[in-house]
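Dear colleague,

Please find the structure below, handed over for your own work. My notes on what was found in it follow directly after.

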Amino acid sequence: MFDVNAAAMHGGTDAQGVPAHDFSTNRNACGPCPMAVRALQAAHVAQYPDPQYRALRAQLAAFHGVAVERILIGASSSELIHRLTLHAVRSGAKSVQFPQHHYGDYLQAARVWRLALCRRTEAAVAPVLSWACEPSSPLGAMEDIWDAWQQPPAQKEWRVLDCAYRPLWLEGEPPERDLDGVWQLWTPNKALGMTGVRAAYAIAPLHAAAAELQALNALAASWVVGSHGVAMLQAWVTDEVQQWLGHSLMTLRRWKAQQLALCVRLGWQVVPGHQANYFVAGLPLAELETHLAGLRAQGIKLRDCASFGLGGHVRLGVLPPVSQAALEQAWKSIQ
């Protein structure tokens, strides 16, 4: 079943520091985006930003073509996950539904507030908080929730789509989705290759009540995002940054093809259906943890998928050829 410690696990920097070749996170390996870095360098840090984030919210609203009232600023998608969960609980939520495999913070927030935990195949006690992510984490696959979400909920339901990896869609174009009926979470730092900068935003459903938006804003701490986060989000919506992102996707597609070929050479079994700049592979090992520790000692980190309910598998973010070569050499050295 669920494990509290496993739910809080993340990739990236650990007790051994920053990995030289970090396959464990899903950031855009072409980054950090140079134009976004320059925006951070020019950020005004002597004073607090506008606590209402009026200019930023207007820019994000224009970028997405939505009313500015629908934009909520958050410290990160994880912070917004916890804030939305708290809001749902205060509004009467009794249970939470997850995909079969999912990001751990959905579960962590639900456990904090003692919501009943339900898979999508299980009956949920209404009102329910329902999570989806597309491309999904960790598999990078398309969601299976859309048929159900085309129907109006029978009772009160908060439907939330995590769009963290939608800007990093590599297999063709992202499918057209009608998102006006769901909450959307957007985390540009992954697409910009700068996950060390924490800032995100949510887009409320089209018909969200003003009182609900006010309640969610009231749950945020003062100045929930600092000047650097504001600068990153403002850079995100500019034409030059979006053009950089488009060019980076072409590079990532090439690197991904090479990395998939590497997995074939190593005898790893890639789970099909991946759409983004990461994928999951099964390793033919009895003691995966020991081998991952051996790789980590050589500066290479993979994301153990046991906490996702996928024992014997790892998630690999797409990295450049030099990192792939290091992985191949290190893998052969520990066999």
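Which residues does Gln259 touch, not counting residues up to four places away in sequence? They are Phe23, Phe279, Leu316, Gly317, Val318, Leu319 and Gln324. Gln259 has its place in helix 10, and it is buried, with a relative accessible area of 0%. Please bear in mind throughout that this is a predicted model.

**Nonpolar cores**

The largest nonpolar core has 67 residues. The residues with the most contacts inside it are Ile73, Leu192, Trp268, Leu302, Leu316 and Leu327. Helix 10 gives the most to this core, namely nine residues. Apart from it lies another core, of 30 residues, which includes Ala110, Trp183, Leu185 and Ala202.

Leu316 thus appears twice, as one of the residues with the most contacts inside the largest core and as a residue touched by Gln259. For Ile73, leaving out residues up to four places away in sequence, the residues touched are Tyr53, Leu56, Arg57, Leu60, Leu80, Arg83, Ala200, Tyr201, Val224 and Val225.

**Helix 4**

Two of the residues touched by Ile73, Leu80 and Arg83, are also listed among the buried residues of helix 4. The others in that list are Ser77, Ser78, Ile81, Leu84, Thr85, His87 and Ala88. Helix 4 covers residues 77-90 and has 14 residues. From its first C-alpha to its last it reaches 20 Å, close to the 20 Å expected at 1.5 Å a residue.

Both ends of helix 4 deserve a remark. At the N-terminal end, Ser76 acts as a cap, with a side-chain oxygen 3.3 Å from the backbone nitrogen of Ser78. Following the helix is Gly92, whose phi is positive, near 110°.

**Helices 2, 9 and 10**

The axes of helix 2 and helix 10 (residues 239-266) come within 8 Å and cross at roughly 145°. Helix 2 makes this contact through Pro34, Met35 and Ala36, and helix 10 through Glu240, Val241 and Trp244. By class, the contact has five nonpolar residues, no polar residues and one charged residue.

Helix 9 (residues 227-236) is mostly covered, with eight of its 10 residues buried. These are Ser227, Gly229, Val230, Ala231, Met232, Leu233, Ala235 and Trp236. They pack against helix 2, helix 3, helix 7 (188-191), strand 8 (200-203) and helix 10.

**Helix 12**

Two residues of helix 12 (residues 321-333) may be of interest. Ala330 is found in this helix and counts as buried because its relative accessibility is 2%. Its C-alpha atom is separated by 9.6 Å from that of Ala297, 33 residues apart along the chain. Ala330 touches Leu295, Gln298 and Ile300, not counting residues up to four places away in sequence.

Glu328 also lies in helix 12. Is Glu328 buried or exposed? Its relative accessibility is 18%, so Glu328 counts as buried, the cut-off being under 20%. Leaving aside neighbours within four places in sequence, Glu328 is in contact with Leu262, Arg265 and Leu266.

**Backbone geometry**

Most residues other than glycine have a negative phi, and most peptide bonds are trans. Against that background, four places may merit your attention.

- A cis peptide bond joins Gly31 and Pro32, with omega about 5°. Pro32 is found in the loop between strand 1 (21-22) and helix 2 (34-41).
- Ala126 and Pro127 are likewise joined by a cis peptide bond, with omega about -5°. Pro127 is found in the loop between strand 4 (116-119) and strand 5 (128-133).
- Tyr53, a residue other than glycine, has a positive phi near 50°. Tyr53 is found in the loop between helix 2 and helix 3 (54-64) and counts as buried, at 6% relative accessibility.
- Arg114 has a positive phi of about 55° although it is not a glycine. Arg114 lies in the loop between helix 5 (104-112) and strand 4 and counts as exposed, at 79% relative accessibility.

Tyr53 connects this list with the earlier notes, being one of the residues touched by Ile73.

With kind regards

Definitions and conventions
Residues are numbered from 1 along each chain as its sequence is written. This is a predicted model: local features need pLDDT of at least 70, side-chain atom pairs count only at pLDDT 80 or more; totals for chains, interfaces and linings use all residues. Side-chain values use heavy atoms; hydrogens and water are left out. Helices (H or I, at least four residues) and strands (E, at least two) are DSSP runs, numbered from the N terminus. Buried means under 20% relative accessible area, exposed over 50%, partly exposed in between (1.4 Å probe, protein chains only). The expected span of a helix is 1.5 Å times one less than its number of residues. A polar contact is a pair of N or O atoms within 3.5 Å; within protein, one must be able to donate a hydrogen and the other to accept it, and residues adjacent in sequence count only if both atoms are side-chain atoms. Axes are lines fitted to C-alpha atoms, for helices over the stretch in contact, and angles run from 0 to 180 degrees between N-to-C directions. Contact means heavy atoms within 4.5 Å. Ala, Val, Leu, Ile, Met, Phe, Trp, Tyr, Cys and Pro count as nonpolar, Asp, Glu, Lys and Arg as charged, and the others, Gly among them, as polar. A nonpolar core is a set of buried Ala, Val, Leu, Ile, Met, Phe, Trp, Tyr and Cys residues joined through side-chain atoms within 4.5 Å.
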